[in-house]
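My notebook for today is open. I want to go through the inside of this one and jot down what I look up.

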Amino acid sequence: FSKYNHVWGWAGWASRWKFYDVELNNIKSTDFLDNTFERRQVRQNWHKTFQTVKEKKIDTWDYQWAFTIWANKGLAILPNSNMISNIGFGIDATHTQGDSNAMKTHQLTIKNHPSQVILNNEADDYTFKHHYELKSFLERIVNKLKGYFYAM
């Protein structure tokens with residue numbers, strides 16, 4: 001179980017989606033971030049991200065889902081291997097109009113259901129380091145240049 005919801009392949013329950021707010025009208029407070037993340041810099045980054053989404057400077061749906069999960073003290077279930085095939089690529093796609101970078105998929109096998117819902121800190125540390133860690137100024141410039149040349 002993880003505090004991070006990877007949006008490229010996931011499942012949810014209708015009872016949880018009733019809290020989803022694409023417009024972030026319930027963003028009156030982001031105090032829940034204090035209990036979600038230890039590092040002040042990370043909390044500030046997420047607060048800024050949510051404000052940017054609220055101001056419609058980013059066209060997305062996934063940050064709002066993360067907001068919903070964290071504001072309601074929820075967790076996500078992360079498998080150890082890829083189980084989805086993303087069909088949302090192509091000229092008709094909203095955001096991913098390039099070619100798919102398809103990964104090998106695996107079947108879900110549940111041998112036993114966990115007796116407790118416990119946050120996996122090791123998995124979250126890995127996710128943070130590989131997806132969210134704030135990079136140095138030089139790393140950010142290199143990544144921006146890579147994105148620029150990739151878009152050409």
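First thing I looked up: is Trp46 buried or exposed? Trp46 counts as buried, at 4% relative accessibility; buried means under 20% relative accessible area, exposed over 50% and partly exposed in between, with a 1.4 Å probe and protein chains only.

Note to self on the source: this is a predicted model, where local features need pLDDT of at least 70, side-chain atom pairs count only at pLDDT 80 or more, and totals for chains, interfaces and linings use all residues. Residues are numbered from 1 along each chain as its sequence is written, and side-chain values use heavy atoms, leaving out hydrogens and water.

**Core.** I then checked the largest nonpolar core (buried Ala, Val, Leu, Ile, Met, Phe, Trp, Tyr and Cys residues joined through side-chain atoms within 4.5 Å). It has 16 residues, and Leu33, Phe37, Trp46, Phe50 and Trp70 have the most contacts inside it. Two or more residues come from each of α2 (32-36), α3 (40-54) and α4 (62-71); helices here are DSSP runs of H or I, at least four residues, and strands are runs of E, at least two, numbered from the N terminus. With five residues, α4 gives the most to this core.

**Helix α4.** I went through α4 next. Eight of its ten residues are buried, so α4 is largely enclosed by the rest of the structure. Among the buried ones I noted Trp65, Phe67 and Trp70. The buried residues of α4 pack against α1 (14-17), α2 and α3.

**Rings.** I found twelve aromatic pairs. Rings of Phe, Tyr and Trp (its six-membered ring) pair if their centres lie within 6.5 Å; planes under 30 degrees apart count as stacked, over 60 as edge-to-face and the rest as tilted. Phe37 and Trp46 are stacked, because their ring centres are 6.5 Å apart and their planes at 15 degrees. Phe50 and Phe67 have centres 5.2 Å apart and planes at 85 degrees, so I logged that pair as edge-to-face. Phe50 sits in helix α3 and Phe67 in helix α4, so their pair ties together parts 17 residues apart in sequence.

**Phe50.** Beyond its neighbours within four places in sequence, I listed its contacts (heavy atoms within 4.5 Å), including Leu24, Ile27, Leu33 and Trp70.

**Loops.** Last, I looked at Lys56, in the loop between α3 and α4. Its phi is near 60 degrees, a positive value in a residue other than glycine. Most residues other than glycine have a negative phi. Lys56 counts as exposed, at 59% relative accessibility.
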